[in-house]
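Me: Please take a close look at one part, the largest pocket. Please also set that part in the context of the rest of the chain.

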Amino acid sequence: MKTCTRYVIHCAVAALLLFSPAVAPAQVTPQEAVGWHLFFDKNLSGPQTFSCATCHLPEKGYEGGEPLSKGAHGDLLGRNTPTVVNLHENGFFFWDGRAGSLAEQAKGPMTNPKEMDVDLVEAVKRISGDPAYRTAFKKAGVDKIDDDAIFDAIAAFEATLQTGPTRFDHWVN
């Protein structure tokens, strides 16, 4: 019951962020919708116990909230989990700038053995084996699900996570 309640809370917070009048796009695209589902899908971790949202907690502004994060196998990582909100216009990602796009950023944690530890062939097999994902990707214009389609969908969802202009933004401008 606790897990179900947490999931409902995560979904509600995500919906509020996505559909708030200040930040919502006019309409959610099929690719963004697929990305939202993938962001919460534990099939994208090797042990199938972690999703992107396990570390990027919606209720904490899509960040981890702890000084150091833990990986899918319980390993303490060397850094905390930063937010994925307001990254849509960034030109580099990660603390050291090693990823040049949101899609490239999505690949990093998934394939890192200390973080989500998933083999991309296995991840594609899990996702493409789900009839609901096949239908959803088809609606997004993707006929063959591959790792790039997965990363692009997650990136499309993450790009919707925007707070909109704040009072500080108005002051600066």
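Reply: Helices (H or I, at least four residues) and strands (E, at least two) are DSSP runs, numbered from the N terminus. The model is predicted, with local features requiring pLDDT of at least 70 and side-chain atom pairs counting only at pLDDT 80 or more, whereas totals for chains, interfaces and linings use all residues. Residues are numbered from 1 along each chain as its sequence is written, and side-chain values use heavy atoms, with hydrogens and water left out.

A pocket is defined on a 1 Å grid over the protein atoms alone, as an open set of points where a 1.4 Å probe fits, with protein on both sides within 12 Å along at least five of seven lines; its lining residues have an atom within 4 Å of a point. Points are joined across faces, edges and corners, and the volume is the space filled by probe spheres set on them. On these terms the largest pocket has a volume of about 700 Å³. Its lining comprises 33 residues, and N80, P82, F94, P109 and E115 lie nearest the centre. Two or more lining residues come from each of α3 and α4. Helix α4 has the largest share, with 3 residues.

Both helices also belong to the largest nonpolar core, a set of buried (under 20% relative accessible area, 1.4 Å probe, protein chains only) Ala, Val, Leu, Ile, Met, Phe, Trp, Tyr and Cys residues joined through side-chain atoms within 4.5 Å. This core has 36 residues, and L38, F39, L44, F137, I150 and I154 have the most contacts inside it. The elements giving two or more residues to the core are α2 (30-39), α3 (52-55), α4 (102-111), α5, α6 (131-139) and α7 (147-160). Helix α7 gives the most, with 7 residues. Leaving aside neighbours within four places in sequence, I154 is in contact (heavy atoms within 4.5 Å) with G35, L38, F39, L44, C52, A106 and M110.

Helix α5 (residues 120-128) also holds R126 and E122, 4 residues apart, about one turn of the helix. Their side chains meet in a salt bridge (a side-chain nitrogen of Lys or Arg within 4 Å of a carboxyl oxygen of Asp or Glu), at 3.2 Å, N to O. R126 is buried, with a relative accessible area of 18%.

As for confidence, the chain averages a pLDDT (the predictor's confidence in each residue, from 0 to 100) of 85, and 85% of the residues score at least 70. Over residues 4-24, however, the pLDDT is below 50. Where pLDDT is low, the predicted coordinates should not be read in detail.

Methods: Buried < 20%, exposed > 50% of the residue type's maximum accessible area, 1.4 Å probe, protein only.
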